[in-house]
Amino acid sequence: MCGVSRKRCNEGAAARRERCFFMSIESENRCVSVSVEGARGRRVRSMEDGFVSEVLALRERGDWRQVVDKYHDHPQRNKLLWVFPSPENFKFLHETMRRLACDKILSVGCGSGLLEWLIMESTGLDVVGVEVEGAWWGSRHAPPALAPRLLTDADSARRAPRVRRLLQESAATAILFCYFINGPAFTSYMAEFAGSVAVIVGPGPGKGVHADPKPFDELGRDWNLFDSQEVRRSNDHIAIYVKRTAAS
Ligand SMILES: C[S@@+](CC[C@H](N)C(=O)[O-])C[C@H]1O[C@@H](n2cnc3c(N)ncnc32)[C@H](O)[C@@H]1O
C-alpha cells in the first residue's frame, strides 16, 4: 500500500475511499499512484515554487476549502488547474451526479489531478484521472500528481486496458473533461464511453481561451444539455450532458 493510503487510512470516510481507490489503482500495472514520499521528493525540487508547495501542504492537511478560497484567482493557478470551482459549484456537481445516479467520475486529461482531488474531498464521489503517458505531467520537472492517475497512450488504438475497461464498465460513471484541448481524442473517448453522463468544464462564449470541447459545444445528436453552472463569475462553466437512450 502506498504512503498516502497508509497515512490517511485512519482519517475517516474520505480517507477510506482514497485507500480503496489507491488499492485498486495499484493492482493495475499500467497505472501510477503517488505516495507521500513521492510527492515530498518532487516538492523539494520545486521548493522555490511557493504556490505549488502551498497547495501541496494544504492537500496533505486535507484542506480543500482553503485551496479553492485562497487560490482561485492566483496568477499561477494554471500550473496546477485551469478552473477552481467554489464550494457551491462542487455542491451543484454533487447534487447533479446524485440526480443522475452517478457515484464515479472518469476525468480525462486530468493534468495535475488537483480538480480530481478537490472533487473527491468535497463530494465523496470516486474520481479516476486519465493522462497521456510521457506527457509533461509524468516528467520529473512537473508538479507531483495530486490524485491517482491512470496513464495511457495518446493513440486510442493503444489505450491502456484499464482505461478501456473504465470507459466500458460505466453504468454509474460520468466522464469529465476539464479544459480538454484535443477534439479528435475527445471524439474517440466519447465513442468508446458506454455511460450516459458527460461533464464538460471550460470557457464560455467570448472568453477567448482555447478548449476543445467547450462546455456548450454540440456533443452529438444523442447528447442533451441537462444542467449547467458558471464557475464563480469567471465565464468558465460546468455543463452536464445526458445521453438519450432508445427508451427516452
Ligand atoms: C489544458 S490541460 C488541462 C488539464 C486539467 N484538466 C486542468 O484543467 O488543469 C489538457 C490536458 O489534456 C491532456 N490530454 C491531451 N490529449 C489527451 C488524451 N488523448 N488522453 C488523455 N489526456 C489527454 C494533456 O496532456 C493535458 O494535461
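**Ligand shell, Arg164 and the α6–α7 contact**

Among the 20 residues around the ligand, those that come nearest are Trp82, Gly109, Gly111, Cys178 and Ala185, where a residue is near a molecule if its C-beta atom, placed from the backbone, lies within 6 Å of it. The model is predicted, so that local features need pLDDT of at least 70 and side-chain atom pairs count only at pLDDT 80 or more, whereas totals for chains, interfaces and linings use all residues. Residues are numbered from 1 along each chain as its sequence is written.

Strand β3 (residues 126–132) supplies the largest share of the shell around the ligand, three residues; strands (E, at least two residues) and helices (H or I, at least four) are DSSP runs numbered from the N terminus. By class, the shell comprises 16 nonpolar, three polar and one charged residues, with Ala, Val, Leu, Ile, Met, Phe, Trp, Tyr, Cys and Pro taken as nonpolar, Asp, Glu, Lys and Arg as charged, and the others, Gly among them, as polar.

Helix α6 (residues 87–99) packs against helix α7 (residues 114–123) at an angle of about 75°, their axes being 10 Å apart; axes are lines fitted to C-alpha atoms, for helices over the stretch in contact, and angles run from 0 to 180 degrees between N-to-C directions. Helix α6 is therefore roughly perpendicular to α7, a term covering 65 to 115 degrees. Pro87, Phe90, Leu93 and His94 of α6 make the contact with Ile119, Ser122 and Thr123 of α7, contact requiring C-beta atoms, placed from the backbone, within 7 Å.

Arginine 164 lies in helix α8 (residues 161–168), and its C-alpha atom is separated by 9.6 Å from that of threonine 152, twelve residues apart along the chain.

Definitions and conventions. Parallel < 35°, antiparallel > 145°, perpendicular 65-115°, else oblique. Contact = placed C-beta atoms within 7 Å.
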